[in-house]
Amino acid sequence: MKSDLVLLAVLAGLTQRASAQAQGYGQCGGVGWTGPTSCVSGWTCTYSNAYYSQCLPGGNNGGGGNTVTVTITQTTTVLQTTTVVSTNWQYETVTATVTKNGGECTQTPNPSCNSDRTFDLFGVNEAGAEFGTKIPGALGTDFTWPTQDSIQYFLDKGFNAIRIPILLERVAPPAAGLKDPSTYDQGYLSGLYGTISYITANGGKAIIDVHNFGRYDGEILTDVEGFGNFWKALSSWTNFNDNVIFDLMNEYHDMENGLIFQLNQAGISAIRSNDIGNLILVEGNAWSGAWHWVDNNDMLKYLTDPRNNLVYEMHQYLDSDGSGTSEECVSETIGAERVESATRWCEDNGVKCFLGEVGAGPNDVCRSAVEGLLCSLKNSDAWIGATWWSAGPWWPSTYFQNIEPPNGRAVEIYVPLLESFL
């Protein structure tokens, strides 16, 4: 078995085309920033940290055009050394060390579990409202909401987190765009509010997941200000309920890291502008995969939350390509192996992390792999929990990760396993 490449992720430059003034919730300063350093009328360039200043309503000026010299080094047994050069940064020397060991190695057993620790959030995804491609689509034909019976089944067993995927285009019809909340679809929002109200009224925590993969109306989402407006409106409409959690965007992929940073920071800033402290979950590039998190998403550690209630959400599947499309797992220990580097990143940066999607086939190899993964999470104070993918009324009973009661194919093997982690 070959070891993974050990890579030093170089801080990504947050770049944007130059324009006269930055739009609302857009970037206006930071290390290497070459874009505008002033904001459109009604917005102020506000310092977050050395790497990022943002146009916010009101606030203090600052941050634009800061320059910092960054030195990054790593010392290991060197087999190959690469000097990384970025024109967007001022630095002395940036050295990345790459190691690769050939030959067979002995498989490390799954870790034992820390029985003294419980997760803060542990539960399931309830899919359905994000189904279908027809916009807006018809309830009951193109999409559906989870049933109260299914939600209650998991709450009765002691699960406390229900993640509800929604589709951005069904909230904000593309014809009107994101910026004006008065154009949002009240019928779809009513279904969402009814669902989260049921979850929270019965002792659970409802995670609103914008399940759009960093896209809107078929294109990469670039309307940073509109995305901020969306979350400002949605969070203001739910701020009566402390048990609602905001998952800003599901599984960004194949996007510029700078844009992902800006979208996440816009969502955080917009929610906090309502003076609410609800938990916010942020996801990253490369489908937010835990096994590639360090290589793709190190820059997200510079996100700023004035309420300090921010958690990094990752996903992990256990088939050969990590897509969750095959019911065959790589090995009994692949779960623990695939979250190892992410766990170190969470611990080294002093942040909290959450596994928003995990799933695998209903067989003995996968069961062992899932158990090893969850034990790895439980053994680190950095992980606050996980939610299984997935329950939901429209999954075919034959879908291998289907945990919809009572007859989903994964119910028999995985409900008892998940219960053992409560």
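Modeller: Two residues are in contact when heavy atoms of one lie within 4.5 Å of heavy atoms of the other. The structure above is a predicted model, and this definition will serve for reading Gln 265 in it.

Biologist: Which residues does Gln 265 touch, not counting those up to four places away in sequence?

Modeller: Gln 265 touches Tyr 52, Gln 54, Leu 303 and Thr 304. Gln 265 itself belongs to helix 5, which covers residues 257-272.

Biologist: Is Gln 265 buried or exposed?

Modeller: A residue counts as buried under 20% relative accessible area. Gln 265 has a value of 2%, so this residue is buried.

Biologist: How many of the residues in the chain count as buried?

Modeller: The chain has 422 residues, and 55% of them count as buried. They are arranged around 10 helices and 16 strands in the chain's secondary structure. As for contacts with a separation of 6 or more, 70% are between residues 24 or more positions apart.

Biologist: What is Tyr 317 in contact with, leaving aside its neighbours within four places in sequence?

Modeller: The contacts of Tyr 317 include Gly 322, Arg 338, Glu 357, Trp 389 and Gln 401. Tyr 317 is a residue of strand 14 (residues 310-317), and its relative accessible area of 7% makes it buried. Glu 357 is 40 residues from Tyr 317 along the chain, yet their C-alpha atoms are separated by 7.8 Å. Arg 338 also lies over the face of Trp 291, at 4.0 Å from the ring centre.

Biologist: How should the packing of helix 1 and helix 3 be read?

Modeller: Two packed helices are described by the angle between their axes and the distance between those axes. For helix 1 (residues 148-156) and helix 3 (residues 186-201), the angle is about 25° and the axes are 10 Å apart. Angles under 35 degrees count as roughly parallel, and helix 1 and helix 3 are therefore roughly parallel to each other. The crossing of helix 1 and helix 3 is right-handed.

Biologist: Which residues in helix 1 meet helix 3?

Modeller: An α-helix has 3.6 residues a turn, so residues three or four places apart point the same way. In helix 1, Gln 148, Ile 151, Gln 152 and Leu 155 meet Thr 195, Tyr 198 and Ile 199 of helix 3. The buried residues of helix 1 are Ser 150, Ile 151, Gln 152, Phe 154 and Leu 155. They pack against strand 7 (121-126), strand 8 (161-166), helix 3 and strand 16 (383-391). Just after helix 1, Gly 158 has a positive phi of about 105°.

Biologist: At what angle do helix 9 and helix 10 pack?

Modeller: Helix 9 (residues 364-378) packs with helix 10 (residues 411-419) at about 20°, and their axes are 11 Å apart. That angle makes helix 9 roughly parallel to helix 10, and the crossing is right-handed. Cys 366, Arg 367, Val 370, Glu 371 and Leu 374 in helix 9 meet Ile 413, Tyr 414, Leu 417 and Leu 418 in helix 10.

Biologist: How many aromatic pairs does the structure hold?

Modeller: The structure holds 20 aromatic pairs. One of these, Phe 213 with Trp 287, is edge-to-face, at 6.0 Å centre to centre and 65° between the planes. The pair links distant parts of the chain, with its members 74 residues apart. Phe 213 is partly exposed at 27% relative accessible area, and Trp 287 is partly exposed at 42%.

A second edge-to-face pair is formed by Trp 293 and Trp 345, at 5.7 Å centre to centre and 70° between the planes. Trp 293 lies in helix 6 and Trp 345 in helix 8, so this pair ties together parts that are 52 residues apart in sequence. Both Trp 293 and Trp 345 are buried. In addition, Phe 119, Phe 122, Tyr 153, Phe 154, Phe 159 and Phe 421 form one aromatic cluster.

Biologist: What is the phi of Phe 213?

Modeller: Phi of Phe 213 is near 60°, a positive value in a residue other than glycine. Phe 213 is in the loop between strand 9 and strand 10. Trp 287 likewise has a positive phi, near 60°, and is found in the loop between strand 13 and helix 6.

Biologist: Which residues does a cis peptide bond join?

Modeller: A cis bond joins Ile 135 and Pro 136, with omega about 0°. Pro 136 is in the loop between strand 7 and helix 1. The bond from Trp 389 to Ser 390 is also cis, with omega near 5°, and Ser 390 lies in strand 16.

How values were computed: Residues numbered from 1 in each chain as written. Predicted model: local features only at pLDDT ≥ 70, side-chain atom pairs only at ≥ 80, totals over all residues. Heavy atoms only, no water. Phe/Tyr/Trp six-rings, centres within 6.5 Å; stacked < 30°, edge-to-face > 60°. Helix = DSSP H or I, 4+ residues; strand = E, 2+ residues; numbered from the N terminus. Buried < 20%, exposed > 50% of the residue type's maximum accessible area, 1.4 Å probe, protein only. Lys NZ or Arg CZ within 6 Å of the ring centre and 35° of its normal. Axes fitted to C-alpha atoms, helices over the stretch in contact; angles between N-to-C directions. Parallel < 35°, antiparallel > 145°, perpendicular 65-115°, else oblique. Left-handed = near helix turned anticlockwise from the far one by under 90°.
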